[in-house]
Amino acid sequence: MATIRRMTKNDVKAVMDVEKASFAVPWSKETFEKEMEDNPYAHYYVVEKEDAIIGYCGLWLIIDEAHVTNIAIHPDHRGNKYGERLFRHTCKEAIEHGAIQLSLEVRVSNTAAQHMYRKFGMVPGGIRKRYYSDNGEDALVMWVGLK
């Protein structure tokens with residue numbers, strides 16, 4: 001059974017393993033630490049299975065808007081609905097903190113993630129041209145109203 005909980009500084013090393021396995025241009029350890037220590041808007045959650053972190057999600061909460069900064073499940077654990085459970089938890093946290101809408105960017109080529117987000121009512125809201133630094137790929141901006 002997997003559990004979802006708030007990320008701590010002690011989790012950063014394990015989160016980096018997920019990050020490096022998931023993204024061509026991973027965030028640095030220092031970026032995660034700075035987010036957790038210095039960003040009052042940042043909220044991070046981890047999925048833990050058998051005492052191992054298998055995924056995480058970052059959320060910024062600014063007044064009544066929520067923005068998913070990043071979400072990843074380790075490739076060895078994908079296809080088991082952990083991403084959906086984590087995203088649902090993150091949306092619930094956003095609502096509990098007073099957010100009325102949530103946004104994120106997703107690669108235009110990442111149709112699997114887009115499909116998952118659509119299950120939560122997210123819809124396309126625009127394109128950020130050449131958003132991703134590794135290959136210049138566009139990002140699809142997706143939004144949903146929270147209730």
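The following exercises, with worked solutions, examine the cores, strands, a helix residue and the largest pocket of a predicted model.

In this model, local features need pLDDT of at least 70 and side-chain atom pairs count only at pLDDT 80 or more, whereas totals for chains, interfaces and linings use all residues. Residues are numbered from 1 along each chain as its sequence is written, and side-chain values use heavy atoms, with hydrogens and water left out.

**Exercise 1. Determine which elements supply the largest nonpolar core, and examine Leu102.**

Step 1. A nonpolar core is a set of buried Ala, Val, Leu, Ile, Met, Phe, Trp, Tyr and Cys residues joined through side-chain atoms within 4.5 Å; buried means under 20% relative accessible area with a 1.4 Å probe, protein chains only. The largest such core has 29 residues, and Phe87, Leu102 and Tyr117 have the most contacts inside it.

Step 2. At least two core residues each come from β2 (42-49), β3 (52-62), β4 (65-73), α3 (82-96), β5 (101-107), α4 (111-119) and β7 (139-145). Helices (H or I, at least four residues) and strands (E, at least two) are DSSP runs, numbered from the N terminus. The largest share, five residues, belongs to α3.

Step 3. Beyond its neighbours within four places in sequence, Leu102 is in contact with residues including Leu59, Val68, Phe87, Met122 and Trp143 (contact: heavy atoms within 4.5 Å).

**Exercise 2. Establish how β2 pairs with β1 and β3.**

Step 1. Two strands pair if DSSP finds at least two bridges between them. Strand β1 (residues 2-6) pairs with β2 in the antiparallel sense over five bridges; Arg5 has Val46 of β2 as its bridge partner.

Step 2. β2 and β3 also pair in the antiparallel sense, over eight bridges, and Ala42 is bridged to Trp60 in β3.

Step 3. Two residues lie between the strands of the β2 and β3 hairpin, where Glu50 takes a positive phi near 50°. Of the eight residues of β2, seven are buried.

**Exercise 3. Describe the surroundings of Ser22.**

Step 1. Ser22 belongs to helix α1 (residues 12-22).

Step 2. Its side chain reaches the backbone oxygen of Val18 at 2.7 Å.

Step 3. Leaving aside neighbours within four places in sequence, Ser22 is in contact with Ala72, Ile73, Pro75 and Arg78.

**Exercise 4. Identify which elements line the largest pocket.**

Step 1. On a 1 Å grid over the protein atoms alone, a pocket is an open set of points where a 1.4 Å probe fits, with protein on both sides within 12 Å along at least five of seven lines; lining residues have an atom within 4 Å of a point.

Step 2. Of the 38 lining residues, Phe23, Ile71, Asn110, Ala113 and Tyr117 are the closest to the centre.

Step 3. α1, β4, α3, β5 and α4 give two or more residues to the lining, and the largest share, seven residues, comes from β4.

Terms used: Buried means under 20% relative accessible area, exposed over 50%, partly exposed in between (1.4 Å probe, protein chains only). A polar contact is a pair of N or O atoms within 3.5 Å; within protein, one must be able to donate a hydrogen and the other to accept it, and residues adjacent in sequence count only if both atoms are side-chain atoms.
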